[in-house]
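Please examine the sequence and the structure shown below. The paragraphs that follow lead through selected features.

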Amino acid sequence: MTAAEAILSWVLWAALLILGLSFLLTVWRVIKGPTLPDRVLALDMLVGIVIGFIALIAIRTGFTLYIDIAISLGLVGFLATVAFARFILSRVRREETSEGPHMRLIAAPSARRRKPAGKRKDGAGPAVRRKAGK
């Protein structure tokens, strides 16, 4: 074993140890929370850590197929993060319309509350007018 191989072996083990520790801390963040965006960010971080694991295994074994798997996982992880972000944004918009405009800075302008259509000044809406025969 040459000096370069010994250094590479030591660096790989150190990187695996660091990635393992970061994996455990990130899993703790997914479980602990406290909010949904924190959990989504932690899941995105988990994807990055797993890509790092796959890259280290590719270096250690010499199989280049693992690099293709890591690239595919990166693309899938990105799409999952975008989907979670859209879910959170739609949830914020729903909460704003049901609870009021206190979340207006987070939600898009199109999610603002609108006046109900068909209301008259006397409070008689379309259903009241139909019942009264008007």
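Tyr66 is partly exposed in this predicted model, because its relative accessibility of 30% falls between the limits of 20% for buried and 50% for exposed residues. Phe63, by contrast, has a relative accessible area of 52% and therefore counts as exposed.

Aromatic rings offer a second view of the structure. Two rings form a pair if their centres lie within 6.5 Å, and by this rule the model contains 2 aromatic pairs. In one pair, the ring centres of Phe23 and Phe53 are 6.4 Å apart and the ring planes meet at 70°, so the arrangement is edge-to-face. This pair connects distant parts of the chain: Phe23 belongs to helix α1 (residues 3–32), Phe53 belongs to helix α2 (residues 36–61), and 30 residues separate them. Phe23 is partly exposed, with a relative accessible area of 29%, and Phe53 is also partly exposed, at 22%.

The rings of Phe63 and Tyr66 also form a pair, with centres 6.2 Å apart. Their planes lie at 65°, and because an angle over 60 degrees counts as edge-to-face, this pair is edge-to-face.

The annotation from the record may now be placed beside the model. An unreviewed UniProt entry assigns the term "transmembrane region" to residues 6–28, 40–59 and 65–89. In the model, residues 6–28 are 100% helix and 0% strand, and the end C-alpha atoms of this span lie 33 Å apart. Residues 65–89 are likewise 100% helix and 0% strand, with 37 Å between the end C-alpha atoms.

Key. Residues are numbered from 1 along each chain as its sequence is written. This is a predicted model: local features need pLDDT of at least 70, side-chain atom pairs count only at pLDDT 80 or more; totals for chains, interfaces and linings use all residues. Side-chain values use heavy atoms; hydrogens and water are left out. UniProt positions are given in the numbering used here, feature names are shortened, and annotations may be inferred rather than shown by experiment. Helices (H or I, at least four residues) and strands (E, at least two) are DSSP runs, numbered from the N terminus. Rings of Phe, Tyr and Trp (its six-membered ring) pair if their centres lie within 6.5 Å; planes under 30 degrees apart count as stacked, over 60 as edge-to-face and the rest as tilted. Buried means under 20% relative accessible area, exposed over 50%, partly exposed in between (1.4 Å probe, protein chains only).
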